[in-house]
Amino acid sequence: MSAQPDHTPALAAPYAPAPGAPAELLAQLRADRRAGQWVPAFEAEWAAALEESRRTFSLTTLYEVVHVWQARLVSAPAVDAFVASGHDETGFVDMAELRGRRRR
């Protein structure tokens, strides 16, 4: 017999960001040209994650907010380059149109 559990956790918690990561991330967001939109959005998501963390005693939601916003910052230059390249987007699916079709 083994004292080891016979199962593995379904989902591992995301890696823990450094303790100062949220403050550093907020500073980077404030320095970005999209600060007017991104800072309030980050602050709202962070506040909701804090409330969730208090309710559940889990840091997972806080970690996820940091990871998502770090990814947004990293991918922003590529998105800017794509938009600036003038690629024709007419072949893409219009999600608003698609939602309208489902409601009918």
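1. Let me start with A47, which counts as partly exposed because its relative accessibility is 43%. A47 sits in helix α2. Its C-alpha lies 9.2 Å from that of L62, a residue 15 positions away along the chain. Keep in mind throughout that this is a predicted model.

2. Now the overall picture. The protein chain has 4 helices and 0 strands, and reading along the sequence gives α-α-α-α. Of its 104 residues, 21% are buried. Looking at contacts with a separation of 6 or more, 58% are between residues 24 or more positions apart. As for the surface, the chain exposes about 8200 Å², and 59% of that comes from carbon and sulfur atoms.

3. Helix α3 deserves a careful look. It has 25 residues and covers residues 60–84. From the first C-alpha to the last it reaches 36 Å, close to the 36 Å expected at 1.5 Å a residue. Even so, do have a look at S75: there is a kink of about 40 degrees there, and the proline P77 follows shortly after.

4. Which residues of α3 are buried? The list runs L62, Y63, V65, V66, H67, W69, L73 and A76. The cover over these buried residues includes α1 (21–31) and α2 (35–56). L62 is thus worth a second glance, being buried in α3 and also the partner of A47 in the C-alpha distance of 9.2 Å.

5. The same helix also contributes to a nonpolar patch on the surface. V79, F82 and V83 make up this patch, with an area of about 260 Å². V79 belongs to α3 and counts as partly exposed, because its relative accessibility is 47%.

6. Two backbone angles caught my eye, one on either side of α3. What sign does phi have at F57? It is positive, at about 60 degrees, although F57 is not a glycine. For context, most residues other than glycine have a negative phi. F57 lies in the loop between α2 and α3, and with a relative accessible area of 78% it is exposed. The other angle is at G86, just after α3, where phi is positive at about 75 degrees.

7. On to charges: the count comes to 7 salt bridges. One of the pairs is R30 with E43, whose closest N and O atoms are 3.4 Å apart. R30 is in helix α1 and E43 in helix α2, so this pair ties together parts that are 13 residues apart in sequence. E43 counts as partly exposed, because its relative accessibility is 37%.

8. Are R34 and D32 buried or exposed? R34 is buried, at a relative accessible area of 12%. D32 is buried too, at 18%, which puts it under the 20% cut-off. Their side chains meet in a salt bridge, with 2.8 Å from N to O. The pair is also part of something wider: D32, R33, R34 and D80 are linked in a network of salt bridges.

9. A last pair to check is E51 with R54, a salt bridge with the closest N and O atoms 3.6 Å apart. These two residues are 3 apart in helix α2, so about one helical turn separates them. R54 counts as exposed, because its relative accessibility is 54%.

10. To pull the α2 points together: this helix holds A47, the E51 and R54 pair, and E43, the partner of R30 from α1. It is also among the elements that cover the buried residues of α3. If you open the model with α3 in mind, the places to visit are the kink at S75, the patch made by V79, F82 and V83, and the positive phi at G86 just after the helix.

Conventions. Residues numbered from 1 in each chain as written. Predicted model: local features only at pLDDT ≥ 70, side-chain atom pairs only at ≥ 80, totals over all residues. Heavy atoms only, no water. Patch = residues over 30% accessible without salt bridge, like charges linked within 9 Å, V, L, I, M, F, W, Y side chains within 5 Å. Areas by Shrake-Rupley, 256 points an atom, 1.4 Å probe, with all protein chains shown as cover. Salt bridge = Lys/Arg side-chain N within 4 Å of Asp/Glu carboxyl O. Buried < 20%, exposed > 50% of the residue type's maximum accessible area, 1.4 Å probe, protein only. Expected span 1.5 Å × (residues − 1). Bend = angle between axes of the 7 residues up to and from the residue. Contact = heavy atoms within 4.5 Å.
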